[in-house]
Amino acid sequence: MLEQIMEYVAENIAEDQDYSGISERLEYYLRHPMDINKAKREELEELGFITPIQINNLIVHRRESGMFQDLLELQSVEGFDIETTRWLSNFMVVNPPQLLSGISLNKIIGQSNHELMIRFGRILQQQKGFLQTDSSPSVYVGSPFRIFTRYRFHYANKLLVSLNMEKDAGEPFFNRGQGFDFYSANISMNGDKLVKKIVLGDYVLQYGQGLSMWSGLGFGKGVGLTTVAKHAGGLRPYSSVNESSFLRGISASFGYRGLSFTPFFSYKTLDATLSVDESEINSFALSGLHRTVSERRNKNSARQLAFGINSVFNKGDFTAGFTAYRTSFDKSVAKGMALYERFDFDGKALTNAGIHYSYTFRNTYFFGEGAHSFSTGSAFLCGLMSSLSSQMSGVLLYRNYARNYHSFFNQGLAESTTATNEKGLYTGMNLKFNTKLELSCNVDFFRFPWFKFRVDGPSQGHELLTQLTYSFNKNLKVAGRFRLQQKEENSTEDNFTGGLEVVQKQNYRIELNYRVSNSFSLRNRAELSTYTKGRNAKEFGFLSYQDVIYNPLNSKFSGNMRFAVFDTGGFNSRIYAFENDVLYAYSVPAYQGRGMRCYLNGRYTPGRGVDVWLRYALLNYSEQETVGSGNDMISGNRRSEVKVQLRFQF
């Protein structure tokens, strides 16, 4: 079930995002389900797969019809389909055992939960960066092993202690006196009265629709309508291993009746490329990799200070909030010299402010946000999501982001990487003809008023995504999908006038999910992609894979495997596909070139509180003499990886 939810969520997240945050929250609520009669809106939003309308309908049903007596009553809540009800029932209980109020040392010791996880992984073939000769040392200064360790301490939902430590492949480990390359830690406490939450250490803030302040994981456009209106989580402890998308310091939420305040303070170092005299920041390095001499030179070379406050007023179905904060650096940020970078941020400090709102009227959810970066530009979006009937729901969203709007914590819905230099209209609809047949369709029209990278002029485009799903029964489901993406880019033709050319990419997908028994499930997918630019020849790509999932009830063994074949004309016709991994590790790699890929994930539970995961993945190209590029290049046509993960719960 977690794999199904994560694959659904992955459709709405950028390919390079870290999934550990959302997967950890789901895993936590699976082991510590929330009380359906007391669950707050913020807790329900953390699940990520239910819409604001569904959340509101559940709360209204609870208020008007009384407390739930059984989880089966979820089927009577308006807007809940069978699959959503089945997923949600795994994270909820009715009237769980009550912990004694208050926190004491004896209770913390006797009723707390600990989790320690250790993961090792490496590429088995030798990459160019690790090669060492008599005349020159290796480019990468560390070993090829990737090591990750995390510790969690839970006392009910009141106290959480978190520690993450990571070393990437190529980074030194202990041999230079620093231990792991990256550390992240926090202590979080939840309260019931005036003080709602306090986080000391690394944390994230998520408010409104992501224009003013949104750090950590962010959702985008996908086949479902669930994440178009963002689920603002407010203040949360940071649990991911991404080395840049968080705040570091202290924050606390205070609330009285319908009014809450969250002041925050953050001070942290950032990786950056500096000018020759080290007086300016030319660019920020977000990869978190410190393998080479130059990468290590850029490590922690800039400092960022951020402080501000968020306030939210809630009364019934109406919520409004205000966010204001200031971000400053120890060095001035310099914008690039290219024409498309003309309106980029430059300077040492930036002040941001924004207001956001949401309101539910019957079966329609209204939402929006307006944001302003002082002395530069503004951005705003507004939208609505409506359940028109039990069979039909839709969403409509308009956005307008100025070319000179700046925010260092900006994850508003956009076609571009950040919400800037863009205008767009997004609309989507979901139709459930009956319990078996469902159609989802959304269209996004967008314009870029100013230049972009490889786009020397104002441009426009659109995207269409539609999916038809048919469930023959509880064991067999078939889905077909079509996706069209069209944009404009600089012409590749060598002519005097230059200009822009239309770039179009299409994807056709058919997928079959079949549950053979209570222990075995099969998943088949075939996908075709086409890519054209101007008058150039069309480029084709093809991917087909077979998944086998083995998960018997109450067994010590479980696992899944995939065998895939692919043939694409190049980078432009690459195809992305979600892959299962060890716990908390998910990925959406690009299948590119010609070859085959297979992986095997296994889990063994030798005893209570102990889990062991093993993963082996192989990528084999049929017409290549090397794999990868730069310092990651491998001589030969194979790339294989192994991971071992241990988890102890006590």
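These legends describe close-up views of a predicted model.

**View 1. The largest nonpolar core.** This core holds 25 residues. Phe49 and Leu88 have the most contacts inside it. Four helices each give two or more residues to this core: H1 (2–10), H2 (20–31), H4 (52–65) and H5 (82–89). The largest share, four residues, comes from H2. In soluble globular proteins, nonpolar side chains tend to be buried together.

**View 2. The surroundings of Leu88.** Leu88 is one of the two residues with the most contacts inside the largest nonpolar core. Leaving aside residues up to four places away in sequence, Leu88 touches Leu47, Phe49, Ile50, Leu58, Leu74 and Phe80. Phe49, the other residue with the most contacts inside the core, is thus among the residues that Leu88 touches.

**View 3. Another core, apart from the largest one.** This core has 19 residues. Among them are Leu211, Phe367, Met385 and Leu397.

**View 4. The E17–E18 hairpin.** Strand E17 spans residues 378–387, and strand E18 spans residues 392–401. The two strands run antiparallel and are joined by nine bridges. Four residues make the hairpin connection from E17 to E18. Ser387 stands opposite Ser393 in E18.

**View 5. Strand E18 beside strand E19.** E18 also pairs with E19, which covers residues 422–432. The pairing is antiparallel and extends over 10 bridges. Within this pair, Leu396 stands opposite Thr427 in E19. E18 is thus joined to E17 by nine bridges and paired with E19 over 10.

Note on methods. Residues numbered from 1 in each chain as written. Predicted model: local features only at pLDDT ≥ 70, side-chain atom pairs only at ≥ 80, totals over all residues. Heavy atoms only, no water. Core = buried A, V, L, I, M, F, W, Y, C linked by side-chain atoms within 4.5 Å. Buried < 20%, exposed > 50% of the residue type's maximum accessible area, 1.4 Å probe, protein only. Contact = heavy atoms within 4.5 Å. Pairing = 2+ DSSP bridges.
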